[in-house]
Amino acid sequence: MADYDRVLKCWGAVEADYTGNGGEVLTRLFKAHPDTQKLFPKFKGISQSELAGNALVAAHGATVLKKLGELLRAKGDHAAILHPMATTHANKHKIALNNFRLITEALVEVMKEKAGLDSAGQGALKRIMDCIIHDIDRYYKEIGFDG
């Protein structure tokens with residue numbers, strides 16, 4: 001619980017600009033790991049130089065952060081939120097588990113810079129994401145997706 005409380009303490013700064021912060025998370029992900037951009041068909045034609053400030057990227061980033069906010073507020077009791085998301089990411093989007101680890105890197109950096117997440121908070125966020133990713137992996141295995 002302490003990890004969730006530590007991260008949620010800074011979450012208001014993320015909520016204040018879901019679109020800007022979400023766009024920043026995805027832009028960093030795509031720039032650090034260009035292959036991840038290919039996982040999003042609607043972003044295929046966007047060049048690296050056009051990522052920052054792109055409305056489609058920012059809108060999807062906002063969606064990602066809103067869902068993460070739900071997961072954080074659930075404080076580990078997230079099966080009802082995570083199971084359908086994992087199912088969609090496996091069956092429809094075919095998102096490998098490692099991509100959740102990669103977006104975690106971008107998320108930690110953005111929260112550090114934009115929300116003032118200190119080093120203890122960064123560790124807490126990484127532990128929370130490890131738990132979420134572990135549960136996604138479990139759901140992937142249940143449905144037979146080798147992510």
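UniProt positions are given in the numbering used here, and its annotations may be inferred rather than shown by experiment.

**View 1. Residues 1-141 of the predicted model, the span that UniProt annotates.** The UniProt record, an unreviewed entry, places the feature "domain: Globin" at residues 1-141. Helix accounts for 73% of this span and strand for 0%. Its end C-alpha atoms are 27 Å apart.

**View 2. Secondary structure of the chain, with 6 helices and 0 strands.** Read from the N terminus, the order of elements is α-α-α-α-α-α.

**View 3. Overall dimensions of the chain, drawn on its C-alpha atoms.** Along the principal axes, these atoms fill a box of roughly 40 × 40 × 20 Å. The radius of gyration of the chain is 15 Å; this agrees with a compact globule, because one with 147 residues would have a value near 15 Å.

**View 4. Burial and contacts within the chain.** Of the 147 residues in the chain, 45% are buried, where buried means under 20% relative accessible area. Among contacts with a separation of 6 or more, 73% join residues 24 or more positions apart.

**View 5. Exposed surface and charges of the chain.** The exposed area is about 7,500 Å². Carbon and sulfur atoms supply 53% of that area. The chain carries 20 positive and 18 negative charges, with Lys and Arg counted as positive and Asp and Glu as negative. The mean position of the positive charges and that of the negative charges are 3 Å apart.

Methods: Residues numbered from 1 in each chain as written. Predicted model: local features only at pLDDT ≥ 70, side-chain atom pairs only at ≥ 80, totals over all residues. Heavy atoms only, no water. Helix = DSSP H or I, 4+ residues; strand = E, 2+ residues; numbered from the N terminus. Rg over C-alpha atoms; globule rule 2.2 N^0.38 Å. Buried < 20%, exposed > 50% of the residue type's maximum accessible area, 1.4 Å probe, protein only. Contact = heavy atoms within 4.5 Å. Areas by Shrake-Rupley, 256 points an atom, 1.4 Å probe, with all protein chains shown as cover. Charge placed at Lys NZ, Arg CZ, Asp CG, Glu CD.
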